[in-house]
Amino acid sequence: MTAPARELISFRRIGAMVLRYVYLLRGSWPRIIELAYWPTVQMILWGFISQFFTTHSSWVAQAAGVLIAAVLLWDVLFRGQLGVSIPFLEEMWSRNLANLFISPLRPYELIVALLGMSFIRTLVGVVPAAFLAIALYQYSVFDLGLPLLSFFINLLVMGWSIGLVVSALILRYGLGAESLAWIAIFAIAPVSAIYYPVAVLPEWLQPVAWALPSAYVFEGMRAVMFEGVFRTDYLLRAVLLNIFYLGLGSAIFLYAFRVARREGLLLKMGE
Amino acid sequence: MDAAVIRVEGLTKRYGDVVAVDAIDFEVKGGATAALLGANGAGKTTTLAMILGLLLPTAGTLSVLGQDMVRHRYRVLSRMNFSSPYIDLPRRLTVAENLTVYARLYGIGRTRPRVRQLCEELAITDFMDRTLGTLSAGQRSRVALAKALLNEPEILLLDEPTASLDPDVADWVRQYLLAYQARTGATILLASHNMAEVERMCTDVMIMRRGAIVDRGTPAELIQRHGRQTLEEVFLDIVRHDGGEGARAAQ
């Protein structure tokens, strides 16, 4: 009746999990609207702040739209993380983990499915806000051109790493830790240099910022906008750090899964 | 098929100082219907979870269909399945969506006809397009059973298979399972509190108490050995001998 499940990775099983999350999203319009809601509200808010600063700050006046670009890219990072953590939480809320892991689904296939779903959720969340920024403020983040693609991918991947660590903690400590999904990422916001350069930070904190891919992305964004220069050195460092963090995040998730099997947590999960 | 398809030797699960399953040994032969009976906290679900690979044993060996379930569980997971009222399917997905996802996870080639066929067999076609959260407990149990049969498993593990079902539906499910077994030669291992169900369905009964198997045999053998009239009386004998320790351990 069933196909052999001996292959190391099955795109059919990964596709099945993505389909499961698409069904969930498709079945609820409020969920889809919710995805775009916060990025849009944030963009509108920072759009007005930008308009104010453009006339009161020579720094912002040099590159109108720098704050809107920053907030949109920050939301890529945030949505990327939520896109991993929320579908994982859905499995916990619905007490479905045991059913999943008695099927031939491998934990790393679940990881790939979560990352795929994060990509979809991030696009649904951020793209409408980006288009609305053109209509409302005549600012198009797409004017950043090809560098935008590198910024988007790097921030998305960084969001994945954080999402995997958050999911691992929820798997290990149960739904008592679920609020981490919404708050964990803000711990790195001050050192991500989203709205200000890394140089603004105290000297002792700057190495922390430079250990994060996000700092390179936002510095790189400002380099494009203020100087018209695409810093490939920043891109390279962000990519290398992301490879490291994504590997680390995946390893932590897989370790948490093994602990869950040892402690019998997969059967106990639920609201 | 007489060879053992489930083989357990010295299987132990400890959580700190608490011994949930205490060095049990048993085999289940292919095509048999076996049952684990015991009070709450006796170790039935823990044993099932280890057989499924959801839980790592502390000690002992466990093989299913000739494969070591600790090291090579993925070689056999597509040939077995499980249903329990204590784990759920996503309630915001419809019945058809749930079954489609699981059919794909189990690598079933023609998903749609298989899902439809099972829905017809289990009389759930009428609510295929309803979300699981809108169904009654009994309807959800039938959907869970459909999920467990999607891959036509050679080994079917069931935890309380007829809990929350009306007596007539429960009876129908039991008949369905027996017919399924007769047709496919599948092995069924169930954990249950329903003595009449076990007496009717099972040819091999293992009674667990405080993590150990304390007696084993056919229902008739157990009844005769304990000098009782029914399996329920045998069960009560053993549980009362436990002095309620099992229930306290479960708490």
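This is a short chat about a predicted model with chains A and B.

Student: What secondary structure does chain A have, helices or strands?
Tutor: Chain A has 12 helices and 0 strands. Read from the N terminus, its elements go α-α-α-α-α-α-α-α-α-α-α-α.

Student: What's the radius of gyration of chain A, and what would a compact globule give?
Tutor: Chain A comes out at 20 Å. A compact globule with 271 residues would be near 18 Å, so the value agrees.

Student: And what box do the C-alpha atoms fill?
Tutor: Roughly 65 × 40 × 35 Å, along the principal axes of chain A.

Student: How much of chain A is buried?
Tutor: Buried residues are 45% of the 271 in chain A.

Student: What about sequence separation in the contacts of chain A?
Tutor: Take contacts in chain A between residues at least 6 apart in sequence. Of these, 77% join residues at least 24 apart.

Student: Switching to the interface. How many residues of each chain are in contact?
Tutor: 30 residues of chain A contact 28 residues of chain B.

Student: Which elements of chain A give two or more residues to that side?
Tutor: Helix 1 (11-26), helix 5 (97-101), helix 11 (232-263) and helix 12 (265-268) of chain A. Helix 1 of chain A has the largest share, with 8 residues.

Student: How does the side of chain A that touches chain B divide by class?
Tutor: Into 14 nonpolar, 8 polar and 8 charged residues.

Student: Back to helix 1 of chain A. How does it pack with helix 6 of chain A?
Tutor: The angle is about 45°, and the axes are 9 Å apart. Helix 1 of chain A is therefore oblique to helix 6 of chain A. Their crossing is right-handed.

Student: Which residues meet there?
Tutor: From helix 1 of chain A, A:Arg13, A:Ile14, A:Met17, A:Val18 and A:Tyr21. They meet A:Glu109, A:Leu110, A:Val112, A:Ala113, A:Gly116 and A:Met117 in helix 6 of chain A. By class, that contact has 8 nonpolar, 1 polar and 2 charged residues.

Student: Now chain B. At what angle do helix 2 and helix 3 of chain B pack?
Tutor: About 125°, for helix 2 (residues 95-105) and helix 3 (residues 111-121) of chain B. Their axes are 10 Å apart.

Student: Why call helix 2 and helix 3 of chain B oblique?
Tutor: Angles of 65 to 115 degrees count as roughly perpendicular and those over 145 as roughly antiparallel. The angle here is about 125°, so the two helices of chain B are oblique to each other.

Student: Which residues make that contact?
Tutor: B:Ala96, B:Leu99, B:Thr100, B:Ala103 and B:Arg104 sit in helix 2 of chain B. They meet B:Thr111, B:Arg114, B:Val115 and B:Leu118 in helix 3 of chain B. The class split is 5 nonpolar, 2 polar and 2 charged.

Note on methods: Residues are numbered from 1 along each chain as its sequence is written. Chains are lettered from A and ligands numbered from 1 in the order in which they are written. This is a predicted model: local features need pLDDT of at least 70, side-chain atom pairs count only at pLDDT 80 or more; totals for chains, interfaces and linings use all residues. Axes are lines fitted to C-alpha atoms, for helices over the stretch in contact, and angles run from 0 to 180 degrees between N-to-C directions. Helices (H or I, at least four residues) and strands (E, at least two) are DSSP runs, numbered from the N terminus. Angles under 35 degrees count as roughly parallel, over 145 as roughly antiparallel, 65 to 115 as roughly perpendicular and the rest as oblique. Two residues are in contact if their C-beta atoms, placed from the backbone, lie within 7 Å. Ala, Val, Leu, Ile, Met, Phe, Trp, Tyr, Cys and Pro count as nonpolar, Asp, Glu, Lys and Arg as charged, and the others, Gly among them, as polar. The radius of gyration is taken over C-alpha atoms; the globule rule is 2.2 Å times the number of residues to the power 0.38. A residue is buried if 20 or more other C-beta atoms lie within 10 Å of its own, exposed if 12 or fewer, and partly exposed in between; C-beta atoms are placed from the backbone. A crossing is left-handed if the near helix is turned anticlockwise from the far one by less than a right angle, and right-handed if clockwise.
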